[in-house]
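Student: I am new to this structure and would like a close look at a single part of it. Could you take me through one salt bridge and its surroundings, and then connect that part to the rest of the protein?

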Amino acid sequence: DINAQVANSKPHPPAEVFTGPLKDSDAIKRLSVLHDSFRRTKDPRCLDIIQTAYEQSKKVGYKWGFFYSSSIMASEKQVRGQHEEAIKILETIAPYAEQPRNISIASIVYNNLGLSYSALGKYEQALQYYNKGLAVLSRKEARVNGTDSVGLYTNIGVVWGRLEEYNQSIQTFKSAEKIAARNGNIEGLNEVQDNIALCYVLLNHTDSAALYYNKILASTKENAAIENNVPVIDDGFFENYRKRTMTYETKNTVRAKALAGLAGIYLLNKDNEKALEYYNRALAILINDNIYTYPVLNAAASIGEIYLNLNRLVDAEKILTITYKEVKRIAHKELEEKMEPVMARYYYTSGQYAKAFEHLKNYSAIKDSIFSQEKAKTLNVLLNSRIAEKNKAMLAQQLHIVDQKNQIQKKNFWIGGTALGSLLLLSVSVAL
């Protein structure tokens with residue numbers, strides 16, 4: 001019953017934004033509301049519904065329906081790791097988002113464009129879009145909220161982290177932390193604290209990191225029935241997982257990240273059994289909540305690496321080969337950079353030296369492409385960009401962009417091997 005679904009769904013844009021003939025815009029509005037209802041109940045029909053809304057909007061020239069359905073389709077592409085397709089959609093609708101009456105959601109479009117470019121290792125473009133999002137928030141007609149600011153600041157910090165500029169990353173995250181705390185945004189606060197903790201780990205300040213991770217665990221609720229249900233990654237798992245109605249975040253996601261962070265600290269301390277326990281708990285939460293592909297793959301790869309440490313080669317081969325195949329399918333550069341040396345180590349340990357050598361060559365090529373070329377461009381963009389924001393002086397001070405310009409440019413842009421291949425920063429999504 002569509003009417004019942006509409007009645008029980010969350011509010012949608014006000015009636016005045018629908019500019020097409022009433023019968024067309026009303027029908028498309030109903031499809032959009034029905035999509036939201038199905039998505040909340042994890043009904044896979046939501047994808048067909050939003051596709052129908054998109055096609056009908058395009059056919060009748062209904063601009064808002066086209067914009068809205070396109071943005072949802074892009075989000076669906078992102079959670080499945082199809083970032084190049086998401087970028088094509090988002091860049092098509094970006095000019096519409098820039099129109100005065102839609103400016104309040106332009107920062108969201110720019111943020112999600114940044115997320116997809118970052119996932120592809122194109123940090124220069126990612127930062128350009130994040131900075132455009134910050135500029136939008138400075139405009140008088142934009143309806144600014146703390147969630148938008150926290151998301152954009154956090155994602156800039158993520159780029160610094162991926163470029164291994166961890167002190168700069170912490171400074172940026174702490175800007176986001178202050179905003180989240182001031183606005184009582186507990187979920188955003190936990191998310192930022194997770195990223196701060198990870199940077200401390202990568203700086204080898206594991207005591208500070210553990211303090212932040214335990215703060216998160218203390219403020220979130222444990223579900224033992226879920227966390228103790230060890231997931232099984234076997235043939236066909238990711239093919240079936242892609243068919244689920246996935247999402248970026250739930251209220252449980254940050255708990256999974258904190259568990260994974262503590263697992264990484266246990267791994268540093270050579271406590272593989274404890275690390276395995278915590279990674280399994282994290283993965284169980286992610287899969288139960290249908291979290292998008294990247295963190296699931298990240299946790300699965302870490303578990304495979306631990307199996308390798310424990311010399312459980314049969315278990316390692318199974319999860320690593322399945323996970324690696326999916327990583328290559330979605331072409332996620334950060335995950336490829338993480339997995340190539342692990343795959344090389346597995347094949348070397350099992351005596352398959354030719355395959356081991358191939359993975360080492362892949363790893364070398366990825367490091368050159370992601371860091372040697374992108375880092376110099378990215379730092380230049382961030383250091384020289386003119387970020388228009390409501391409090392420009394405060395932003396410049398918090399990000400330490402100008403003050404650190406000379407110091408950062410003198411650093412060696414070549415990045416060596418990572419000490420913590422099993423820990424990667426996770427981006428925050430501002431949901432459309």
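Tutor: Glu277 and Lys274 both belong to helix H15, which covers residues 272-288, and because they are three residues apart there, about one helical turn separates them. In this predicted model, the two side chains form a salt bridge in which the closest N and O atoms are 3.4 Å apart. Glu277 has a relative accessible area of 35%, so this residue counts as partly exposed, and Lys274, with a relative accessible area of 30%, is therefore partly exposed as well.

The helix that carries this pair has 17 residues, and from its first C-alpha to its last H15 reaches 24 Å, close to the 24 Å expected at 1.5 Å a residue. H15 as a whole is mostly covered, with 13 of its 17 residues buried, whereas Glu277 is partly exposed. After the helix comes Asn290, whose phi is positive, near 55°.

Other salt bridges can be set beside this one, since a search of the whole structure finds 13 of them. Lys257 forms a salt bridge with Glu191, and the closest N and O atoms of that pair are 2.2 Å apart. Lys257 lies in helix H14 (residues 253-268) while Glu191 lies in helix H10 (residues 186-202), so this pair ties together parts that are 66 residues apart in sequence. Both Lys257 and Glu191 are buried.

A further salt bridge joins Lys328 and Glu336, with 3.4 Å between the closest N and O atoms. Here the two partners can be described separately: Lys328 is partly exposed at 38% relative accessibility, but Glu336 is buried, with a relative accessible area of 4%. Returning to the pair in H15, Lys274 and Glu277 belong to one network, joined by salt bridges that share partners, which also includes Glu222, Glu227, Arg255 and Arg281.

Around these details stands a protein with 21 helices and zero strands. Of its 432 residues, 56% count as buried, and the protein exposes about 19100 Å², of which carbon and sulfur atoms supply 51%. Among contacts between residues at least 6 apart in sequence, 70% join residues at least 24 apart.

The largest nonpolar core has 114 residues, and those with the most contacts inside it are Leu113, Tyr130, Tyr213, Ile233, Val296 and Leu320. Helix H16, residues 293-309, gives the most to this core, with 10 residues. Leaving aside residues up to four places away in sequence, Leu320 touches Ala301, Gly304, Glu305, Met339, Val342, Met343 and Tyr346.

A word on confidence belongs with this picture, for the protein averages a pLDDT of 75, and 75% of the residues score at least 70. Over residues 1-22 the pLDDT is below 50, although this stretch has 32 contacts in the model beyond near neighbours in sequence. Residues 381-432 also have a pLDDT below 50, and that stretch has 131 contacts beyond near neighbours in sequence. Where pLDDT is low, the predicted coordinates should not be read in detail.

Notes:
Residues numbered from 1 in each chain as written. Predicted model: local features only at pLDDT ≥ 70, side-chain atom pairs only at ≥ 80, totals over all residues. Heavy atoms only, no water. pLDDT = per-residue confidence, 0-100. Contact = heavy atoms within 4.5 Å. Salt bridge = Lys/Arg side-chain N within 4 Å of Asp/Glu carboxyl O. Helix = DSSP H or I, 4+ residues; strand = E, 2+ residues; numbered from the N terminus. Buried < 20%, exposed > 50% of the residue type's maximum accessible area, 1.4 Å probe, protein only. Areas by Shrake-Rupley, 256 points an atom, 1.4 Å probe, with all protein chains shown as cover. Core = buried A, V, L, I, M, F, W, Y, C linked by side-chain atoms within 4.5 Å. Expected span 1.5 Å × (residues − 1).
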